[in-house]
Amino acid sequence: MKPIHFIPPAVALAAVGLWLSRSCVELQTANERLRVQQQAGGRVGDPLLADGSEKSRRPSRDVPKLQPGIGWQRLSEIHGQPSKGIFAKLELRRAELLLRDMSTEELLAALAEIAALDVDVRERWAMNEQVLTVLAAKDPVALLDHLTSPGGTEVLSGNFTFNVFSGWAGKDPAAAIAWLDGKIAAGDFTSKSLTGENHHRTTLEAAMLKVLIGSDAAAATARISALPEAQRAGIITRFNISGELGKRGFPDPSLTNYGALIRATLPADDQPTAISAPIRSLAAHPGYGNIDGYLDEVAATLRERLSGVAATATTKFRYLVEGNRLNVEELDKFRAWAATQSPERADAAMGSALASLSNNGAGAAAKAYELAVHYHGETGNDQILVSFMMWGNSYGREKLLSLAERIKDPELRGKSIEELRKNPYMGP
Amino acid sequence: MKSALILTVIILAGGVAADRIIRGKIDEASDALHKATATSVPSGKTEELRGETGRPRPAGANDTRSLLSGLLGLAKELEASSDKDDLATLDARRDAMLDWQRRLTGLEPEQMKDLIAGILNAPELGDEPRQSLLRLVLESLTERHPLEVLGIISASPTLIGDPGWKMRITSDAMIRGIAEAPDEVIRWYDDHGAAFSERDRDIITDRVLRALGQTEPELAFRMIKGLGIQDIEKATGAIASSARTLDQASESLIAFRDHLPTFGSAEEQEALRFGVNMSLITNSFNHGFDEAVDWIGKAGFSQKELADYVFRVRRNVRRDEASRWLGWIDENITDRSIVSQVIPDLVSDWTQTDYKAAAEWLEHQPDSDLKTSAVQRHVLTLARYQPAEAARWAARMPEGEARTSTMKMVFDRWRTTDAAAADAFAKRHGIGP
């Protein structure tokens, strides 16, 4: 063949090669798409990705495998996640919907099933709370019977039983009172404690008080008076757990009733603490107007106002820390208000409340210490430091000794230093 | 020439045959892809799209236009069913979103960015469905490309409208990112952490530490410094309390001990050590007394650490485990000055909550100074409520200063409620006024 004869096959070969190479690219692309799709799909029900890479060995946060009923073990894992994604939230909602369709007996059986699981106590309570919440809406009597029976689910949220019972008693007080009195008569609230206090009864009486204080003060006083004296203060200080008192503005007959109840049922020594208990919720509001209104409405005595100032400082300062506003400007406002309530003890109350901020983290503790030093320097009032030291054990001996050395009164200074050195409950 | 033409025809015929085979394989792959996509796209009809070559693309393939079209369809369905709150709707919604998540997880970051732009610019989407789709896309992207997600969040700070979701996706991306490239996450947080409020930063870092604390406590402790967290006590506490099992608690403790020398002064380290020990030991008691003391025994706590714990958190004891706990302290704490303070305190608490059980335990204790101290606290706790029983116990105390002062205190207390009975008791035992 002449060289010219090689041209047609060469051209054909080049054309075929080009054509096939394009086809091969298309095939490669199609296969890659398929591979990606299969990998993504391959994760269904399998917590590991299919590629076996390092990152694929991480467990997936949401193992999306639906079960016909509620998978409690799976739910406990979801409750244990520090942050919950879309699918975790959908699974929680799904469990709620399934629970909503269950009968009382099925819900009680679910509680037994959860109790049998080997899971962390926090996740167990989160699941119990889901079931108990549905049961509370469906059949509060069955729920309360369960919770107050021996072996009933242990309630870890302080307000749960209180809220369920006060909710029911608010709608049907006669039935709630009959149920509670029936349980008392049946001896279901016995106690091994010295005060005879049974925590179920304390909670339920407190919830009943919440309902009666505004609607039937005489019945409220009668119920509390029927209890041993040692149990009364605990119930009275607990009933305002949801912070109702003082929220409705002034005047409020509930507040007058509350003051009268305390004076009718508690020993004089217990009255200031009970009067100041609602301040814990009132102090969450900006300013001091609500607290003034409340103290006036309950006709607080000077001693009760001092207790109120201490309660205000403790709560208010905590909120100031959380809002990053614990500073001289805010504390000046507090001192100006406290001076109108209890001029002699205002600074001491401030010192104690500042010391208790050591529980709010190292930053808050350091700021509180600095403010105690600042106000002592400004006012020369040794009571600020003395009160701080009384409540500041967690600061340790060395830091408190350096405070004690600032006390101006030599006698008080010597005594404080000696007490600090002898205190067996204090770290270095 | 003839042979050249024959060769040309053979080459062309071979090419056509080979192309047919390849086309067959392309069609097979396309069919398989189409089927796989069809099963994973339950909703959101996609219009037929044509590629640059003019060839029709299979509906639901992983190109961003068809994905966007499908996602918009999904958003419509979700919106249409938003007022329904029944199990069937929820399951359908979950299945649809799950299938979409599977598809989206396979995408590359650039495709995701295109999708996000498409979602942001889709005029037919309301705010809520737009945010739902963005969350779905970002959550899916977080699975395989967490660093890209962090980049998207910092480049578009207002992309995720809901602050709660923004924190959640950020913390998730950080958790995932730390597992593969901790230094890059640290660098990102250094550069962009300030865009979050202090409170949000606290929440994000807390979630990161708690999540890592459950699976990789060593990394979690390392991240305290890496992320520039100031409140080390709170951070170490968060990691310690994230342990769910005793095995996790052991891993946390080992990691904590390794990192402790890197945290602050000796005084600060002591405070941290106490906080973490307290958290881990206290949580161990949620597993029951037997497992807890077994774990404590193996955890390698020093005598000082155990004594510190026992001394400061003695009130954590469950009433029904009080006697076992008292026995454990007596046997395991060698510093008797601690034991002699703690056991009487515990007896006092126990008397308050179950005075009969406390009395029974005291009855069975051998005579010793420790027993005398414990009986004294029992008596003083009883005196306010049961003075006669308190007086009986006081009278059984061995002769000495403790007995004399205790009897006097019982008398003083009793006199305020029943003077005649108190006087009779004083006369019988020669207690002066």
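Of the contacts in chain B with a separation of 6 or more, 61% join residues 24 or more positions apart. These contacts belong to a predicted model, in which chain B has 22 helices and two strands. Half of the chain is shielded from solvent by the criterion applied, with buried residues making up 50% of the 433 residues in chain B.

The overall dimensions of chain B depart from those of a compact globule. For 433 residues such a globule would have a radius of gyration near 22 Å, whereas the value for chain B is 36 Å. Along the principal axes, the C-alpha atoms of chain B fill a box of roughly 140 × 50 × 40 Å.

With respect to surface and charge, the accessible surface of chain B amounts to about 20,700 Å², and carbon and sulfur atoms contribute 51% of this area. Chain B carries 55 positive and 69 negative charges. The mean positions of these two sets lie 2 Å apart.

Confidence varies along the chain. The average pLDDT of chain B is 86, and 90% of the residues score at least 70. The highest confidence in chain B is found in helix 12 (residues 246-259), with a mean of 96, while the lowest is found in strand 1 (residues 49-50), with a mean of 35. Over residues 36-61 of chain B, pLDDT stays under 50; for this segment the model has 51 contacts beyond four places in sequence. For the model as a whole, the scores are ipTM 0.71 and pTM 0.72.

Note on methods
Residues numbered from 1 in each chain as written. Chains lettered and ligands numbered in written order. Predicted model: local features only at pLDDT ≥ 70, side-chain atom pairs only at ≥ 80, totals over all residues. Heavy atoms only, no water. pLDDT = per-residue confidence, 0-100. Helix = DSSP H or I, 4+ residues; strand = E, 2+ residues; numbered from the N terminus. Contact = heavy atoms within 4.5 Å. Rg over C-alpha atoms; globule rule 2.2 N^0.38 Å. Buried < 20%, exposed > 50% of the residue type's maximum accessible area, 1.4 Å probe, protein only. Areas by Shrake-Rupley, 256 points an atom, 1.4 Å probe, with all protein chains shown as cover. Lys, Arg positive; Asp, Glu negative; His and termini not counted. Charge placed at Lys NZ, Arg CZ, Asp CG, Glu CD.
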